Amino acid sequence: MAWPPALVLDVLETPEGPGQEPSPYDESEVHDSFHQLIQEQSQWAAEEGLELQHRGSGAGTPEASGSDHGALLGPAGALAHSAATLRILASMPSRTIGRSRGAIISQYYNRTVRLRRSASRPQLRDLGRSARPSLRLYDLELDSTALEEEEKRVLLVKELQGLTAAQRDHMLRAMPLSLAEKRCLREETQAPRTHQGHHGPLPCCSRLRYACVLALHDLGLGLLSGLHALTPWRYALKRIGGQFGSSVLSYFLFLKTLLAFNALLLLPLLAFIVGVQAAFPPAPRGPVPAFTGLELLTGGGRFTDTVMYYGYYSNATLTPLCAVARGPGQCAPGARGLPYSMPLAYLFTMGVAFFITCITLVYSMSHAFGESYRVGSTLGAHAMAIFCSWDHKVTQKWASRLQHDNIRTRLKEMLAEWQLRRSPGSAWGRLRQVAVWGLVWLLCLATTVGCTVAVYVFSELTIESPVWPEREGALLVLPLLVCVLNLVAPYLYRVFAALEQHESPVLEVYVAICRNLILKMVVLGILCYHWLGRRVGVLEDQCWENFVGQELYRLMAMDFIFALLDTLFGELVWRLISEKQLRRGKPEFDIARNVLELIYGQTLTWLGVLFSPLLPAMQIIKLLLLFYVKKMSLMANCQAPRRPWLASHMSTIFISLLCFPSFLGAAVFLCSAIWQVKPSSLCGPFRTLDTMYEAGKVWVRRLEEEGPRVSWLPWVHRYLVENTFVIYLLSALLLAVIYLNIQVVKGQRKVICLLKEQISNEGEDKIFLINRLHSICERKERSRSGRTQDAAMPPVLLTDDGDAL
């Protein structure tokens with residue numbers, strides 16, 4: 001049989017008998033066949049490129065033949081390739097795979113073959129030659145491109161059907177084909193396959209089972225897409241990001257993060273402290289006061305003897321099984337077990353909740369560092385944002401408009417950041433700017449010191465006047481003063497910052513955050529000293545833990561009220577002044593002040609969770625209301641930043657500030673209250689102990705009396721909890737993890753820089769090698785043409801006189 005010279009498939013023909021079972025394909029022979037197909041595509045590409053090159057240069061003229069051997073890479077960028085160079089370029093894998101869809105299919109067919117070889121499938125070398133089918137059974141017309149491509153497609157589908165579902169999906173996603181072709185391949189691979197011993201349709205049970213599997217698969221995909229669509233505030237966040245940019249969006253993302261932290265903190269408190277005490281309430285200590293409405297602001301009155309505060313929780317050991325069996329204090333034989341100690345549950349639940357919060361904060365900070373400081377090249381970032389940012393799956397008009405706004409705002413931010421890097425400043429201008437910065441910082445620090453002194457003096461006055469704590473309305477004076485100072489001081493900072501005239505809006509936001517953070521942390525430090533250093537000694541005959549919890553409740557309530565008033569009325573008035581009087585248009589959203597308000601409120605929650613376990617629930621309600629109020633005010637009273645800037649590191653900065661000054665300070669305050677301060681002897685689960693930490697020691701002594709069954713728990717407490725070495729070890733490990741993450745990021749930067757340099761060097765090497773091949777081929781062609789001319793030249797006969805005949 002005569003085979004066309006274009007492609008020769010050397011495959012043995014083994015006709016299959018009527019009773020013979022079909023077997024897998026011979027991978028090696030099929031691989032060789034597809035390799036020859038790829039070579040054919042390369043040869044076709046080389047011939048096509050050569051033909052185009054001759055057409056462009058004018059074949060048949062001496063100029064054309066001379067230009068055919070021109071420089072490969074000239075300085076002007078003009079490329080002149082010879083026929084040999086075109087053949088070399090066309091045979092490169094990148095050119096070959098990119099030119100033919102059939103070559104793509106054959107490439108991925110070979111990948112599926114390798115995947116199936118690693119599975120539990122018998123090797124073909126162990127099978128007989130008679131069990132191997134021949135490709136001639138498919139009646140291939142090898143000189144027809146359509147039939148060849150169809151054959152490749154059939155083989156690819158068969159091999160994909162032999163893979164697992166996960167491998168098949170991964171392979172289909174990686175193929176450089178259109179979505180329509182991928183969809184067709186997926187449908188063909190998911191089609192029900194007939195049994196090997198039967199050539200008819202599937203039985204009814206098999207079809208029903210296959211239909212159920214597909215229905216469950218589609219249902220799972222629908223549920224996943226539904227869960228993704230139910231992400232909190234998904235559309236609202238996209239709208240904010242598209243209209244106001246990533247800088248304003250970072251505030252709302254940070255608010256969403258705080259909401260998750262508070263929910264994570266509230267769950268164990270509700271499960272092990274609040275829920276248990278509500279199920280077994282203690283005996284009332286007196287008449288219940290009537291509800292007047294003022295409790296919503298002061299936190300006292302009717303709320304005092306509830307699960308809201310520390311003083312309501314008892315120091316009893318709950319044994320409901322024994323009480324049901326015999327009565328109080330008696331247990332039935334075999335029913336005695338570990339009792340539920342409220343002091344121990346209170347202490348350990350607080351510790352575990354803070355430990356979980358700490359781990360979550362560190363993970364979030366590490367993740368934020370990895371996302372924001374990801375190393376990558378900025379070359380071509382604008383082109384990528386233009387050509388690669390559009391989601392072609394968007395079909396609705398409002399979604400396309402929203403995506404359009406997102407891309408436009410992102411391009412504005414990238415261009416503004418690029419222009420900022422290209423604007424150098426003079427030495428005299430920098431010196432004058434540094435002097436102005438120093439003056440503004442002195443004014444801001446003087447304002448902070450004045451606010452701190454005012455809070456300290458007023459807190460001392462509240463201690464010296466014994467009448468004020470008896471009046472509920474007077475208890476709001478100190479929180480009111482603190483909230484007024486926290487509201488007025490940031491506006492003074494903005495006035496001072498107008499003198500600085502920062503060129504970078506990012507630096508302006510960071511400086512404002514630093515000044516507001518110093519103010520709020522110093523004020524909170526004075527209040528912590530006021531509560532633990534002064535109030536504990538004054539309120540010895542009272543429940544000082546309830547007083548501290550109520551103080552923090554009042555601070556949170558007043559902070560929320562001032563935030564609402566400032567958002568609904570302050571920003572509205574400032575917008576009217578800016579539009580009517582100053583003629584500047586709508587004001588911008590103050591990111592620094594609003595973010596520090598969130599950090600301040602979260603710090604109050606962490607400080608007061610020991611004395612009021614339901615403060616995280618109050619913080620969740622506050623954050624939910626703030627989101628909608630701030631969003632409404634943003635859309636109505638604010639405009640996008642006049643100088644767009646890319647907030648690539650804002651979320652990382654916010655999480656870092658939340659972790660170190662806020663959470664670390666709250667942890668130090670609570671550790672001091674647990675280890676050093678004597679609890680009140682009138683209320684709370686630790687009323688009979690010298691410190692709250694002694695509840696663990698009492699529990700250990702009780703466990704030792706229980707017998708050898710629980711002897712390992714006292715050992716754990718003695719060597720893992722009481723031993724300070726373990727705490728230092730865990731702290732050192734935590735710091736080591738943070739340090740290693742930083743070093744890993746630095747190492748990745750160095751490796752990526754080296755890889756970029758290596759890629760550049762390899763590109764130069766390829767250019768050098770192609771030039772060398774070009775010159776070698778050119779010399780060979782010249783020598784071959786010279787020999788041809790010498791061979792074709794007739795011999796010259798010389799006469800005696802020396803003349804040629």
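In this predicted model, six residues form a nonpolar patch on the surface: Val449, Val453, Tyr456, Val457, Leu461 and Tyr529. Together they present about 540 Å² of accessible area. Helix H17, residues 427-464, gives the most to the nonpolar patch, with five residues. Tyr529 belongs to helix H19, which spans residues 505-538. The relative accessible area of Tyr529 is 43%, so this residue is partly exposed. That value lies over the 30% required of a patch residue.

Helix H19 also packs against another helix. Two packed helices are described by the angle between their axes and the distance between the axes. The axes of H19 and helix H23 (residues 650-675) come within 12 Å. They cross at roughly 10 degrees. Angles under 35 degrees count as roughly parallel, and H19 and H23 are therefore roughly parallel to each other. On the H19 side, the residues in contact are Val509, Tyr510, Ile513, Leu517, Met521, Cys528, Trp531 and Leu532. They meet Met650, Ile653, Phe654, Leu657, Pro661, Phe669, Ser672 and Ala673 of H23.

Charged pairs were examined next. Side chains of opposite charge can pair when their charged atoms come close. With a cut-off of 4 Å between side-chain nitrogen and carboxyl oxygen, the count comes to twelve salt bridges. One of them joins the side chains of Asp559 and Lys622, at 2.8 Å from N to O. Asp559 lies in helix H20 (residues 544-581) and Lys622 in helix H22 (residues 615-637), so this salt bridge ties together parts that are 63 residues apart in sequence. Both Asp559 and Lys622 are buried.

Helix H20 takes part in a further salt bridge through Asp566. The side chain of Asp566 meets that of Arg593, with an N to O distance of 2.6 Å. Arg593 lies in helix H21 (residues 591-608) and Asp566 in helix H20, so the pair links parts that are 27 residues apart in sequence. Arg593 and Asp566 are both buried. For Arg593 the relative accessibility is 4%, so this residue counts as buried. Leaving aside neighbours within four places in sequence, Arg593 is in contact with Pro490, Tyr491, Asp566 and Glu571. Arg593 and Asp566 are also members of a network of salt bridges. The other residues linked in this network are Arg494, Asp590 and Glu597.

A salt bridge within a single helix is found in H26, residues 724-792. Here the side chains of Arg782 and Glu778 meet at 2.9 Å, N to O. The two residues are four apart, about one turn of the helix. Their accessibility falls into separate classes. Arg782 has a relative accessible area of 56% and is therefore exposed. Glu778 stands at 13% relative accessibility and so counts as buried.

Helix H10 covers residues 234-244. Its buried residues are Ala236, Leu237, Ile240, Gly241, Gly242 and Phe244. Just after H10, Gly245 adopts a positive phi of about 95 degrees. Helix H11 spans residues 246-279 and contains Phe272. The relative accessible area of Phe272 is 45%, so this residue is partly exposed. Phe272 and Tyr346 are 74 residues apart in sequence. In space their C-alpha atoms are 7.8 Å apart. Setting aside neighbours within four places in sequence, Phe272 is in contact with Tyr340, Ala345 and Thr349.

The following values describe the chain as a whole. The chain has 26 helices and two strands. Of its 805 residues, 37% count as buried. The accessible surface comes to about 46,200 Å². Carbon and sulfur atoms account for 64% of that surface. Among contacts between residues at least 6 apart in sequence, 77% join residues at least 24 apart.

How values were computed
Residues numbered from 1 in each chain as written. Predicted model: local features only at pLDDT ≥ 70, side-chain atom pairs only at ≥ 80, totals over all residues. Heavy atoms only, no water. Patch = residues over 30% accessible without salt bridge, like charges linked within 9 Å, V, L, I, M, F, W, Y side chains within 5 Å. Areas by Shrake-Rupley, 256 points an atom, 1.4 Å probe, with all protein chains shown as cover. Buried < 20%, exposed > 50% of the residue type's maximum accessible area, 1.4 Å probe, protein only. Axes fitted to C-alpha atoms, helices over the stretch in contact; angles between N-to-C directions. Parallel < 35°, antiparallel > 145°, perpendicular 65-115°, else oblique. Contact = heavy atoms within 4.5 Å.
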